[in-house]
Every structure is written in structure tokens, then in C-alpha cells.
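Here is a small set of exercises, each with a worked solution. Have a look at the chain first, then try each task before reading on.

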Amino acid sequence: MFVKVETLNKMFEGTYNGTPVIRNGKCHDCGCELTIVIKRTTGGFRLQGGALYEPQMGRFSFKCEACFHINENLNDTDNNIPLEIELSASI
Ligand SMILES: [Zn+2]
């Protein structure tokens, strides 16, 4: 499932207002290297550069935007998409 809002809140603990959180990883589907920039917005969070999943507490998976547009779910059985997260195509 997508990374939880509580997890994102924790990532932002101790950061200055407006400072983005950056996570590097490999795409779950195609294996490409990607950098996800997470910013706080008034409505929640904005993820740029890809999608971030948290299949288990504290464990993250990534998807690049190309793979995300093919299949938004990390696994076929997973259709849990929180509305608080919006994905931006720009980086
Ligand atoms: Zn990919």
C-alpha cells in the first residue's frame, strides 16, 4: 500500500518548514534508480519523481512515474490509495 500519512509526518519531524524530504530508491517494477522528493502541502503531501509505498512498517518500495501510470498499485492485490497524496509529474 501507499506510504501512510503518519509515516510521512514522521519523516518531516525535525525538518524546517518547507524543506522537502528526499528518498532514493529503485523502481519496484523496472529497477530504474529514482529520487522522490516529498513536500508538505496544505492538503497533505506532494510526491514528485515517483510513488512511495510502505508494504511493511518501516520498509519502503518505490515506483517510477512510468510504471506508476501503468499500474498504480504495488501489487495486483493492493488497491489502497489514500486521497491525501497527490502525484506530480514534474521534478
Ligand atoms: Zn519503473
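**Exercise 1. Find the residues that touch the most other members of the largest nonpolar core, and say which elements feed that core.**

Step 1. Start with the members: the largest nonpolar core has 14 residues, and Val 3, Ile 36, Leu 47, Ala 51, Leu 52 and Tyr 53 touch the most other members. A nonpolar core here is a set of buried Ala, Val, Leu, Ile, Met, Phe, Trp, Tyr and Cys residues joined through C-beta atoms within 7 Å.

Step 2. Now the elements: β2 (33–41), β3 (44–48) and β4 each give two or more residues to this core. The largest share, three residues, comes from β4.

Step 3. A word on what you are looking at. This is a predicted model, where local features need pLDDT of at least 70 and side-chain atom pairs count only at pLDDT 80 or more, while totals for chains, interfaces and linings use all residues. Residues are numbered from 1 along each chain as its sequence is written.

**Exercise 2. List the elements of the protein chain from the N terminus on.**

Step 1. Count them by type: the protein chain has two helices and six strands. Helices (H or I, at least four residues) and strands (E, at least two) are DSSP runs, numbered from the N terminus.

Step 2. Put them in order, and you get α-β-β-β-β-β-α-β.

Step 3. Check how the chain folds back on itself: among contacts between residues at least 6 apart in sequence, 56% join residues at least 24 apart. Two residues are in contact if their C-beta atoms, placed from the backbone, lie within 7 Å.

**Exercise 3. Is Val 3 buried or exposed, and which residues does Val 3 touch?**

Step 1. Place Val 3: this residue sits in the segment before α1 (5–11).

Step 2. Apply the cut-offs. A residue is buried if 20 or more other C-beta atoms lie within 10 Å of its own, exposed if 12 or fewer, and partly exposed in between, with C-beta atoms placed from the backbone. Val 3 has 23 other C-beta atoms within 10 Å, so Val 3 is buried. Over the protein chain of 91 residues, 23% count as buried.

Step 3. Look for partners. Leaving aside neighbours within four places in sequence, Val 3 is in contact with Leu 8, Leu 52, Tyr 53, Glu 54 and Phe 60. Val 3 and Pro 55 are 52 residues apart in sequence, yet 7.8 Å apart in space, C-alpha to C-alpha.

**Exercise 4. Work out how β4 and β5 are joined, then place Phe 60.**

Step 1. Strand β4 (residues 51–56) and strand β5 (residues 59–63) run antiparallel and are joined by four bridges. Two strands pair if DSSP finds at least two bridges between them.

Step 2. Pick one pair across the strands: Leu 52 has Phe 62 in β5 as its bridge partner.

Step 3. Go round the turn. This hairpin has two residues between the strands, and Gly 58 takes a positive phi near 80°.

Step 4. Phe 60 lies in strand β5. Phe 60 has 15 other C-beta atoms within 10 Å, so Phe 60 is partly exposed. Not counting residues up to four places away in sequence, Phe 60 touches Val 3, Arg 23, Gly 25, Leu 52, Tyr 53 and Glu 54.

**Exercise 5. Do the same for β1 and β2, with Ile 22 and Asn 24 as test cases.**

Step 1. β1 and β2 run antiparallel, with six bridges joining them. Gly 25 stands opposite Leu 34 in β2.

Step 2. The two strands form a hairpin with six residues between them, and Gly 31 in the turn has a positive phi of about 85°.

Step 3. Ile 22 is in strand β1 and counts as exposed because 12 C-beta neighbours lie inside 10 Å. Beyond its neighbours within four places in sequence, Ile 22 is in contact with Thr 35 and Val 37. The C-alpha atoms of Ile 22 and Val 37 are 4.6 Å apart.

Step 4. Asn 24 is also in strand β1 (residues 21–26). Asn 24 has 10 other C-beta atoms within 10 Å, so Asn 24 is exposed.

**Exercise 6. Which element has the lowest mean pLDDT, and which the highest?**

Step 1. pLDDT is the predictor's confidence in each residue, from 0 to 100. The protein chain averages 83, and 81% of the residues score at least 70.

Step 2. Strand β6 (residues 85–88) has the lowest mean, 50, and β1 the highest, 94. Over residues 82–86 the pLDDT is below 50, and this stretch has eleven contacts in the model beyond near neighbours in sequence.
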